[in-house]
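Please open the model in your viewer, switch on the cartoon and keep the side chains within reach. The stops below say what to select next and what is to be found there.

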Amino acid sequence: MTAATHATTPVLHFVMGSNAGMAGGTSDTAVVRNVDLYELDALDLTSVTGLIVNGNCDQIYLERRKDVLTDFVVGGGRIAIMGHPLTDFLPGLGQWRKLQYSGPKDLAISAGSPHPVWEGVDPADLSFRKEVSGFYGRGYSQKLPDNAIVTNYIGRHGLPVDYVYPLGNGEVLVHAGIDLAVFQSDPNTSARVYPQLLSWLAQLDRTEI
């Protein structure tokens, strides 16, 4: 039997091997470390406060590790899910649906309930990137849990694109679009999202790391 690997950073960013997908060139820091998703079984998560699930992660594998992920969140951890959840790998997880769109207004982002991850971010900076709309998301979520708060909407019909809900002593954040790290070097307020996400996952609002 292989001994569990003790994680020394508060936030782990699950990727597929060396493929970080559209993660925006994320690298290891004192707060976050990239980890191959398939190493999950060997990890000791007792000192980890937050997890990021990259948008290209194997959702069949995640579904088979539902108990591990659920126990982590129920025990007080926070998890941020990027991309298009299509399998039921956490209780309460909504269903992603592709948005029918024909122009920028169908992909425009509008603010929902305030949340520290999007504090100080202008939705207009999320709606357009390099003068192109649709980078942030091209879909929405449905069948959200009753206790979810929608933090951002997409399109002229105001459909949920970002939401957060409590699960036990922890919280689940879902961003139904491209990995938020992509925006970290942009020359506008959208660059605030990823570092604020890391702070939220590290639970710096609860304790000092």
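Begin with the largest cavity, which holds about 50 Å³ of space, in a model that is predicted. To display its lining, select Val53, Asn54, Gly55, Asn56, Cys57, Gln59, Leu62, Ile81, Met82, Pro85 and Phe89. Helix α1 (59-64) and strand β6 each supply at least two of these lining residues, and the lining divides into seven nonpolar, four polar and no charged residues. A search of the whole structure finds one cavity of 30 Å³ or more.

From Val53, which belongs to that lining, move along strand β5. Gly50 and Ile52 point one way from β5, while Leu51 and Val53 point the other way, and all of them are buried. This can be read against a general pattern: in a regular strand the side chains alternate between the two faces of the sheet. Now add the neighbouring strands to the selection. β5 pairs with β2 in the parallel sense over four bridges, and in this pairing Val11 stands opposite Gly50. β5 also pairs with β6, again in the parallel sense and over four bridges, with Ala80 of β6 as the bridge partner of Ile52.

Next, widen the view to the whole sheet, and colour its strands in order. It is an open sheet of eight strands, arranged β3-β2-β5-β6-β14-β13-β12-β8, with mixed pairing. Because β3 (32-36) and β8 (109-111) stand at the edges and have a single partner strand each, one side of each is left without a neighbour in the sheet. On average, neighbouring strands of this sheet are turned by 20 degrees against each other, direction ignored.

Within the sheet, select residues 159-167 and 170-175, which are strands β13 and β14; they pair in the antiparallel sense over six bridges. Here Pro166 has Glu171, in β14, as its bridge partner. Then bring in helix α2 (residues 66-74), which packs on the sheet and touches β5 (50-53), β6 (78-82), β13 and β14, its direction making about 120 degrees with that of β14. Helix α4 (residues 193-201) also packs on the sheet, touching β2 (11-15), β3, β5, β6, β13 and β14, and its direction makes about 145 degrees with that of β6.

Stay with α4 and show its side chains. Which residues of α4 are buried? They are Val193, Tyr194, Gln196, Leu197, Leu198, Trp200 and Leu201, so that the helix is mostly covered, with seven of its nine residues buried. α4 is followed by Gln203, whose phi is positive, near 60 degrees.

A second backbone feature of this kind can be picked out by selecting Lys143, in the loop between β11 (139-142) and β12 (149-154). Lys143 has a positive phi of about 60 degrees although it is not a glycine, whereas most residues other than glycine have a negative phi. Is Lys143 buried or exposed? Lys143 is exposed, with a relative accessible area of 60%.

Finish at the largest pocket, in which about 160 Å³ of space lies. Its lining is shown by selecting His84, Trp96, Lys98, Tyr101, Gly134, Phe135, Tyr136, Gly137, Arg138, Gly177 and Ile178. Coloured by residue class, this lining divides into five nonpolar, four polar and two charged residues.

Methods
Residues are numbered from 1 along each chain as its sequence is written. This is a predicted model: local features need pLDDT of at least 70, side-chain atom pairs count only at pLDDT 80 or more; totals for chains, interfaces and linings use all residues. Side-chain values use heavy atoms; hydrogens and water are left out. Two strands pair if DSSP finds at least two bridges between them. Helices (H or I, at least four residues) and strands (E, at least two) are DSSP runs, numbered from the N terminus. Axes are lines fitted to C-alpha atoms, for helices over the stretch in contact, and angles run from 0 to 180 degrees between N-to-C directions. Contact means heavy atoms within 4.5 Å. Buried means under 20% relative accessible area, exposed over 50%, partly exposed in between (1.4 Å probe, protein chains only). On a 1 Å grid over the protein atoms alone, a cavity is a set of points where a 1.4 Å probe fits but cannot get out, and a pocket is an open set with protein on both sides within 12 Å along at least five of seven lines; lining residues have an atom within 4 Å of a point. Grid points are joined across faces, edges and corners, and a volume is the space filled by probe spheres set on the points. Ala, Val, Leu, Ile, Met, Phe, Trp, Tyr, Cys and Pro count as nonpolar, Asp, Glu, Lys and Arg as charged, and the others, Gly among them, as polar.
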